[in-house]
Amino acid sequence: ARRFGWADRAPLPRAQTEGDWLVGTGVASSTYTAKRLPSRAFARVDPDGTFVVGIAAADVGNGSRTIVAQVAAETLGVPLEAVRVELGDSALPAAPIAAGSMGTASWGSAVAAACTALQEQIDAGATEPRVEIDTAASVAADPPYARHAFGAQFAEVRVNRRTGEIRVSRLLGVFGAGRILNERTARSQLIGGMVMGIAMTLFEESLIDREFGDYANHDFASYHVATHADVESVDAICLDEVDPYVNPIGVKGVGEIGIVGTAAAIGNAVHHATGIRFRDLPFRIDRVLPALDPRTP
């Protein structure tokens, strides 16, 4: 709240204007489950001394390869350059998909366990150390706690009283997402999620062809998403959080937590700007404009 400047907020809706623009701010909470699924991984030492870890994970731009290498290097106590990661191949040990904010928790727990077992073999003097780990039993033994990442998201918007256009001036998200393995990639994912939240609020809408049951707007000409011009100031911050019950490596996914509170924060900001509560997404101009009275000074 201090970082966003919440104390300077106008006390009443529709109290702040900039020419034809009504200005408002809003806040919303965020939460998303922090799950992990059973996963398998191998770890070995090659003759040249390279540590190799393998897992049938996917890197779809979420940084899986970087994070898996970091987990392996930290567990083994070796430089990152000494680790080679193999992933993206179904011939590798089975792993869950890159979805549901559970990739790092699932894959990382398996890789950490494999590297721990590999180190034990090395310490025991194994000539060709190699292990493969399956975390199914470990996941099944997890205590029955609810596991979530949390956040607070703040938004400032401008609503044009004459056109109904909405612009998101500022977004700030502050998140508790367990142990952050890589601050740069985590912040990137959170900001990306918040941009997706802008698109969810203002543009994205699936239209169904009632005769054929298919999507009528299945291309980017007719299904609109946020672009550079729609994104002004976005910032994401991760707090230091230690959750001893979430999983063996203490992490929570950040792929979705940036999305889920953004629409509510923007919606609250639009209400503060206009005094009108819009409850149907997206906030299209044809929905906003009829509710505004352009004659209001």
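Mentor: Two strands pair if DSSP finds at least two bridges between them. Keep that in mind as we go through this model, which is a predicted one.

Trainee: Good start. In which sense do β4 and β5 pair, and over how many bridges?

Mentor: Strands β4 and β5 (residues 83–86) run in the parallel sense, with four bridges linking them. To find the register, look for residues that face each other: Gly54 stands opposite Glu86 in β5. Between these strands the chain passes through helix α1 (residues 64–76), a β-α-β crossover that is right-handed.

Trainee: And on the β3 side, what is the sense of the pairing with β4?

Mentor: There it is antiparallel: β3 (residues 40–45) and β4 share four bridges. Here Phe42 is the residue opposite Gly54. The hairpin of β3 and β4 has five residues between the strands, and Gly49 in it adopts a positive phi near 90°.

Trainee: Which residues of β4 are buried on each of its faces?

Mentor: Take β4 (residues 51–54) one side at a time. Phe51 and Val53 are buried on one side, Val52 and Gly54 on the other, so both faces are covered, with buried meaning under 20% relative accessible area.

Trainee: Now the open sheet. What is the order of its five strands?

Mentor: The order is β1-β2-β7-β8-β9, with mixed pairing. At the edges sit β1 (16–18) and β9, each paired on one side only. Ignoring direction, neighbouring strands in this sheet are turned by 25° against each other on average. For one pair in detail, β2 (residues 21–33) and β7 are antiparallel over 13 bridges, and Ser29 stands opposite Ala152 in β7.

Trainee: Which strands does α6 touch when it packs on the sheet?

Mentor: Helix α6 touches β2, β7 and β8, and its direction makes about 155° with that of β2. Helix α4, in turn, lies across β7, β8 and β9, at about 135° to β9.

Trainee: How should I read α4 itself; what span does it reach, and what is expected?

Mentor: Compare the end-to-end distance with the ideal rise. Helix α4 (residues 183–202) has 20 residues and spans 29 Å between its first and last C-alpha, close to the 28 Å expected at 1.5 Å a residue. At its start, a side-chain oxygen of Asn182 comes to within 3.1 Å of the backbone nitrogen of Arg184.

Trainee: What covers the buried residues of α4?

Mentor: The buried residues of α4 include Leu190, Met194 and Ile198. Their cover includes β7 (148–160), β8 (166–176), β9 (233–238), α5 (257–260) and α6 (262–274).

Note on methods: Residues are numbered from 1 along each chain as its sequence is written. This is a predicted model: local features need pLDDT of at least 70, side-chain atom pairs count only at pLDDT 80 or more; totals for chains, interfaces and linings use all residues. Side-chain values use heavy atoms; hydrogens and water are left out. Helices (H or I, at least four residues) and strands (E, at least two) are DSSP runs, numbered from the N terminus. The expected span of a helix is 1.5 Å times one less than its number of residues. Buried means under 20% relative accessible area, exposed over 50%, partly exposed in between (1.4 Å probe, protein chains only). Contact means heavy atoms within 4.5 Å. A polar contact is a pair of N or O atoms within 3.5 Å; within protein, one must be able to donate a hydrogen and the other to accept it, and residues adjacent in sequence count only if both atoms are side-chain atoms. A crossover is right-handed if, with the strands pointing away from the viewer, the path from the first strand over the helix to the second runs clockwise. Axes are lines fitted to C-alpha atoms, for helices over the stretch in contact, and angles run from 0 to 180 degrees between N-to-C directions.
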